[in-house]
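Colleague: I am new to this one. Could you take me through it, one question at a time?

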Amino acid sequence: MSLELSFLRETSIILMSNFKKYSLRIVKYILIAAFWLLIWEICAILLNVPVLFPEPLDVIKRLLELAITKGFIFSSFASILRVFSGMLIGIVIGIILAIFCTFFKFAYDIFYPLLTIIKATPIASFVLVIWIFLGDQKTPVIITVLMMLPIVWTNLYEGIKCVDKDLIEVCKSYKLSKFKAFKAVYFPSVIPYFVSSLVSGIGLSWKAGIAAEVLCSPKWSIGEAIFNAKYYFNGVDLFAWTVSVIVLSLIFELLITRLIKYMFRKYIVSTRGKYGNQKSM
C-alpha cells in the first residue's frame with residue numbers, strides 16, 4: 001500500500017511540475033503575442049488607413065470567416081501540396097547529387113556553378129522564366145525544388161566527406177559488405193547533416209513556394225488570394241491571408257520537424273542533439 005502511495009505521490013509531483021512548466025510557457029507566448037498585437041494596433045491607429053493597414057481585430061475576424069469557406073480550404077490544401085511535392089523532389093535530387101558527387105569528384109566541379117547560380121539568382125527571375133515555359137501550376141513546385149535542393153545537396157555532401165576515415169578502414173579490414181558499412185558508419189554519420197538540411201529548408205521552401213504563387217497566381221492557391229487582395233486594395237483580406245500563411249507555416253514546419261526528429265531520434269541523441277553544419281541559401 002505504501003509503495004502505491006509513494007508511486008502516486010511521485011506521479012502527481014511530476015504531473016504538477018510538467019503542468020507548471022508548460023503553463024508558464026503558454027503564458028509567456030500569450031504575453032509576447034499580446035505585446036506585438038498591441039504594437040500592430042497602435043500603428044493602425046496612428047496611420048489611420050484601414051484600407052491599407054487594418055486593425056488586428058478586423059484581420060482576425062476576417063481570417064476566422066475565411067477559415068470556414070471552401071475556397072480557403074481548397075487553396076490552403078493546394079498550396080501545401082505544391083510545396084510538399086517540391087520539397088520531396090528537391091530532397092530526392094539533392095540526395096542523388098550528393099552521393100554522385102562523392103563517388104565522382106569531377107561531378108562536384110561540374111555541378112557547383114549550378115549551385116552558385118541558384119543561390120545568386122533572385123526567386124522572381126526564376127519564377128518569370130519557369131512560368132513562361134511550364135505555366136502557373138508547375139512554377140511554385142519547381143521554385144520549391146530549387147530552394148530545397150542546394151540545402152540538402154551541400155549538407156549531405158559535407159556530411160559524407162566528414163565520415164571518420166578510421167571507421168571506414170575498420171570496415172575494410174573486417175571485410176564488411178558495402179551495405180553493412182553504410183548501415184554501421186555512413187548512415188549514422190550523415191543523418192545529423194541530413195536532418196539539419198531538412199530543418200533549415202522547410203521554412204525557406206514554404207516562403208519561396210508562396211512567393212512564387214503570388215507572382216504567377218495559379219488557380220486555387222494562397223498566392224492567388226494574396227495577389228487578388230493586393231490588386232483590389234483589400235487590406236483586411238491581404239493581412240488575413242498573410243496571417244494564414246504564417247500560421248500554416250508554423251504548423252507545417254512544427255509537424256514535419258517533429259516527425260523528422262522522431263524518425264531519426266536515435267542518431268540525433270547519439271550526437272547529443274547537434275546537427276551538421278547548416279548550409280542554407
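Colleague: Which hand does the crossing of H3 and H10 have?
Modeller: Keep in mind that this is a predicted model. H3 covers residues 70–103 and H10 covers residues 235–263. Their crossing is right-handed.

Colleague: What name fits the angle between H3 and H10?
Modeller: The two axes come within 12 Å and cross at roughly 45°. That angle makes H3 oblique to H10.

Colleague: How many charged residues are in the contact of H3 with H10?
Modeller: On the H3 side, the residues include Phe72, Ile80 and Met87. In H10 they meet Trp241, Ser244, Leu248, Phe252 and Ile256. By class, the contact has nine nonpolar and three polar residues, and the number of charged ones is zero: there are no charged residues.

Colleague: At what angle do H3 and H6 cross?
Modeller: H6 spans residues 139–161. H3 passes H6 in a right-handed crossing. The axes come within 6 Å, and the angle is roughly 35°.

Colleague: Which class supplies 19 residues to the contact of H3 with H6?
Modeller: Six residues in this contact are polar. One is charged. The 19 are nonpolar.

Colleague: Is Ser79 buried or exposed?
Modeller: Ser79 sits in helix H3. Beyond its neighbours within four places in sequence, Ser79 touches Trp206, Ile210, Glu213, Ser221 and Ile222. Its relative accessible area is 0%, and the cut-off for buried is under 20%. So Ser79 is buried.

Colleague: Which residue forms a salt bridge with Glu213?
Modeller: Glu213 belongs to helix H8, residues 178–216. Its partner is in helix H3, 131 residues apart from Glu213 in the chain. The closest N and O atoms are 3.0 Å apart, and the partner is Arg82.

Colleague: Are Glu213 and Arg82 buried or exposed?
Modeller: The pair links distant parts of the chain. Glu213 and Arg82 are both buried.

Colleague: How far apart in sequence are the parts that Arg62 and Asp237 tie together?
Modeller: Arg62 forms a salt bridge with Asp237, with the closest N and O atoms 2.6 Å apart. Arg62 lies in helix H2, residues 56–67, and Asp237 lies in helix H10, so the parts they tie together are separated by 175 residues.

Colleague: Which of these two counts as buried, Arg62 or Asp237?
Modeller: Arg62 has 26% relative accessibility, so Arg62 counts as partly exposed. Asp237 has 13%. Buried means under 20%, so the answer is Asp237.

Colleague: Which residue is linked with Arg62 and Asp237 in a network of salt bridges?
Modeller: The network holds Arg62 and Asp237. It also holds Glu65.

Colleague: What separates Glu158 and Lys161 along helix H6?
Modeller: Glu158 forms a salt bridge with Lys161, the closest N and O atoms being 3.8 Å apart. Lys161 is partly exposed, at 40% relative accessibility. The two are three residues apart in H6, so the separation is about one helical turn.

Colleague: How many salt bridges does the whole structure have?
Modeller: Side chains of opposite charge can pair when their charged atoms come close. A search of the whole structure finds four.

Colleague: How many helices does the protein chain have?
Modeller: From the N terminus on, the elements run α-α-α-α-α-α-α-α-α-α-α. The strand count is zero, and the helix count is eleven.

Colleague: What share of the protein chain is buried?
Modeller: The chain has 281 residues. The buried share is 36%.

Methods
Residues numbered from 1 in each chain as written. Predicted model: local features only at pLDDT ≥ 70, side-chain atom pairs only at ≥ 80, totals over all residues. Heavy atoms only, no water. Axes fitted to C-alpha atoms, helices over the stretch in contact; angles between N-to-C directions. Helix = DSSP H or I, 4+ residues; strand = E, 2+ residues; numbered from the N terminus. Parallel < 35°, antiparallel > 145°, perpendicular 65-115°, else oblique. Left-handed = near helix turned anticlockwise from the far one by under 90°. Contact = heavy atoms within 4.5 Å. Nonpolar A, V, L, I, M, F, W, Y, C, P; charged D, E, K, R; others polar. Buried < 20%, exposed > 50% of the residue type's maximum accessible area, 1.4 Å probe, protein only. Salt bridge = Lys/Arg side-chain N within 4 Å of Asp/Glu carboxyl O.
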